[in-house]
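The exercises below are meant to be worked with the sequence and the model side by side. Try each task before reading its solution.

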Amino acid sequence: MPVHIITGFLGSGKTTLIHSLIEQKPVDETWAILVNEFGQIGIDQAMFDARDDVVIKGLPGGCLCCQLAFVLQAALVNLLSRSQPDRVIIEPSGLGHPAGLLDLLRGDAFSEVVEVRDIIATLDPRRLDDPRARQHDTFRDQLDMADAVALTMLDQSTPEQLDAAHSFVAQRWPPRKWVHAATQGKLPFALLAQSGQAKGSDLSVPANHQQLAATPSLEGSFFDFPPAPGKPQRETGAALGYTSTGLRWHPSERFDLDRLATCLGELPPEARIKGVFHTSSGWKRLNRAQGTLSVESSAWRQDSRLEIILPDALAPHDKTIEARLLSMAMV
């Protein structure tokens, strides 16, 4: 069974790319999507609409190569047994290192069951303007391990930034199998269906990932049930030079969409923001990367939730803004 890994740094458009592939899914196939998130509350799983032929499994609270390796193995065994998908797509955390994931999928537990196809990395050309991104080991390793690259956020990138991205990818060795300009975050399904076996990688899991030991668990706790109305909840986590803050509200509480967008806009431009909210205009998905906020309609969700990820150098972020967000809901 083919397994596809779609990796890429924070806010580089991985989820949007997977959405585009789901829209092209052959009608006779059942897919399973495993979404790993650095944050604590599982926003990305809420970004997918429910459908019978696509099974979505979220694994929040760490990266698959270290903190959640045990959880991933158990979740994948369970998923393959119960859903029997024709194809699996795994989206690691934007801070996750693909080497540990690749080692797990090629290990004894899965080597006879799955075939890891070409690893695809998403690259937002604007990221290359930031020296912290260019020098970040995980950012570079994600691209070095990739068999192919999808250039994203093209409508927000200048021609010069796009040229720089092509040049940056061309410097990787061996050459990538393909580099696709994913206009509006769309990737042709043919590139997935015709992909070959992922190349062998000589990259090992970096020490800063290996040191992230955590007690493995398959049980939910904090987010099994919505918080009580009027009593929003907060959860934080920190690793790999980044801090995440997760906020959650009861689904009956509503937000003024304009006030919400204004408040989020006051956060630092470096903040990676994802959220699903019950607003005065219905349920909305909010997504901000590299300072640009997008808003889309959403189906009903079990709660309103927000994830903010910031580099440690900028954390803790403005507590006044966080307090405003926590108290912003209108019953």
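**Exercise 1. Determine how strand β7 is paired and where its side chains point.**

Solution. Begin with strand β6 (residues 120-123), which pairs with β7 in the parallel sense over 4 bridges; strands here are DSSP runs of E of at least two residues, numbered from the N terminus, and two strands pair if DSSP finds at least two bridges between them. Within this pairing, T122 stands opposite A150 of β7. Before going on, note that this is a predicted model, in which local features need pLDDT of at least 70, side-chain atom pairs count only at pLDDT 80 or more, and totals for chains, interfaces and linings use all residues. Residues are numbered from 1 along each chain as its sequence is written, and side-chain values use heavy atoms, with hydrogens and water left out.

Next, turn to strand β8 (residues 178-181), which runs parallel to β7 and is joined to it by 4 bridges, with A148 standing opposite W178. Finally, follow the side chains of β7 (residues 148-151): A148 and A150 point one way, V149 and L151 point the other way, and all are buried, that is, under 20% relative accessible area with a 1.4 Å probe and protein chains only.

**Exercise 2. Explain why strand β14 is described as largely enclosed by the rest of the structure.**

Solution. Count first: 8 of the 8 residues of β14 (residues 304-311) are buried, so the strand is largely enclosed by the rest of the structure. Then separate its faces, since both are covered, with S304, L306, I308 and L310 on one side and R305, E307, I309 and P311 on the other. Lastly, find the partners: strand β10 (residues 242-249) pairs with β14 in the antiparallel sense over 8 bridges, S244 standing opposite I309, while strand β11 (residues 272-279) is joined to β14 by 5 bridges, also antiparallel, I273 having I308 as its bridge partner.

**Exercise 3. Describe the surroundings of E91.**

Solution. Locate E91 in strand β4 (residues 87-91). Although E91 is buried, it has no salt bridge, and K14, the nearest side chain of opposite charge, is 4.4 Å away; a salt bridge requires a side-chain nitrogen of Lys or Arg within 4 Å of a carboxyl oxygen of Asp or Glu, and Lys and Arg count as positive, Asp and Glu as negative, with His and the chain ends not counted. Then look at T15, whose side chain is joined to that of E91 by a polar contact of 3.0 Å, meaning a pair of N or O atoms within 3.5 Å, of which, within protein, one must be able to donate a hydrogen and the other to accept it, and residues adjacent in sequence count only if both atoms are side-chain atoms.

Technical notes
Buried < 20%, exposed > 50% of the residue type's maximum accessible area, 1.4 Å probe, protein only.
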